[in-house]
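Work through the exercises below with the model open beside you. Try each task before reading its solution.

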Amino acid sequence: MSIKKPAPPPAGTPRPRPAFPARLPSSGGPAPAPARPAPAAPVAGSAGTVPARAMLAAMVHKLQRQGLSHPAVIAAIGAVERHRFVDSALANQAYEDTSLPIGLGQTISKPNVVARMLELLCEGHTERLGRVLEIGTGGGYQAAVLSHLAREVYTMERLRGLHERARANLRHFRLPNVHLLFGDGMLGYPQGAPYAAIIAAAGGEAIPQAWVDQLAVGGRLVAPAQFGAGGQRLVVLDKTRTGVVQKVLEPVLFVPLKSGIS
Ligand code: SAH
């Protein structure tokens, strides 16, 4: 990995507590909630993981200052090292609030967009969600975060190259509750339905009916969709016993939802 490492301490010296990198804020907001520990990195020596952990903590801290407040979402984002999902040449940007290319013309969403969508997905829940369907696995970052919020995560990708990249990226995390699926997510994944929640990382002209059909009563769907000249907006759809309640929220910019596989 290409994140700058501090010089390793001489053998036998206790490892000092990591300082936040100077260019990242270290004060001025609420303290970050304690994150569940992520699995230890399987690399020789642990010194290389220290700055990444400090940058991850600073990223979570910043998301909290921007309004992220759901404790489980804070912990879940704090448990997943984002640099493991981007090309090593971009690893030093992995904790900035920016979307980054993940290959094949696709991008990993900005952390504050991931945080916003997951917070909407978990709104009103203090316990783990049940089965969740994610459309657009990409490199697998959001699926890894979701694995801490849901009992089972079904995540579908239409590009074989990215589906395989996600498998390679996620191997390190050993997440038995993440199920990687290759296929056209516009059709959903009826085998896992009904879902407590559905989340899409790609936006189409409308919310596919298959997703609404596969959502459980009491479930919530969060996805971008196109609103004519109004552009793409975030949509929250709640399925109730009496029907579907849809809220159209802020403008967003996601890659297009495409049909078929490639
Ligand atoms: N959640 C991802 C971000 C993925 S970007 C991450 O954390 O890295 C959106 C992804 O949606 C792209 O990889 C794109 O190929 C995929 N996508 C677009 N249309 C799709 C469809 N119909 N079915 C499944 N995946 C789709």
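**Exercise 1: Polar contacts of the ligand**

Find how far an oxygen atom of the ligand is from an N or O atom in the side chain of Glu157.

Solution. Start at Glu157: a side-chain N or O atom lies 2.6 Å from an oxygen atom of the ligand. A polar contact is a pair of N or O atoms within 3.5 Å. Go on to Asp184, where a side-chain N or O atom is 2.9 Å from a nitrogen atom of the ligand. Finish at Gly185: a polar backbone atom is 2.7 Å from a ligand nitrogen atom. Taken alone, the ligand exposes 580 Å², and the protein buries 99% of that (accessible areas by the Shrake-Rupley method with a 1.4 Å probe).

A note on the source: this is a predicted model, in which local features need pLDDT of at least 70 and side-chain atom pairs count only at pLDDT 80 or more, while totals for chains, interfaces and linings use all residues. Residues are numbered from 1 along each chain as its sequence is written, and side-chain values use heavy atoms, with hydrogens and water left out.

**Exercise 2: The shell around the ligand**

Describe which elements give two or more residues to the shell around the ligand.

Solution. List the elements: β2 (106-108), β3 (129-135), α4 (141-146), β4 (150-157) and β11 (255-256). Helices (H or I, at least four residues) and strands (E, at least two) are DSSP runs, numbered from the N terminus. β2 gives the largest share, 3 residues. Next, take the 28 residues around the ligand: Gln142, Glu157, Asp184, Gly185 and Lys258 come nearest (near means a heavy atom within 4 Å). Then sort the shell by type: 13 nonpolar, 10 polar and 5 charged. Gly counts as polar here.

**Exercise 3: A salt bridge**

Why does the pair Glu81 and Arg53 tie together parts that are apart in sequence?

Solution. The structure holds 6 salt bridges (a side-chain nitrogen of Lys or Arg within 4 Å of a carboxyl oxygen of Asp or Glu). One of them joins Glu81 to Arg53, with the closest N and O atoms 2.8 Å apart. Glu81 is in the loop between α2 (71-78) and β1 (100-103), and Arg53 is in helix α1 (residues 49-65), so the pair links parts 28 residues apart in sequence.

**Exercise 4: Backbone exceptions**

Locate the cis peptide bond from Ala193 to Pro194, then check phi of Leu104 and of Arg174.

Solution. Most residues other than glycine have a negative phi, and most peptide bonds are trans. The Ala193 to Pro194 bond is cis, with omega near 5 degrees. Pro194 lies in the loop between β5 (178-182) and β6 (195-200). Leu104, in the loop between β1 and β2, has a positive phi near 55 degrees. Arg174, in the loop between α5 (160-171) and β5, has a positive phi near 45 degrees.

Terms used:
A polar contact is a pair of N or O atoms within 3.5 Å; within protein, one must be able to donate a hydrogen and the other to accept it, and residues adjacent in sequence count only if both atoms are side-chain atoms.
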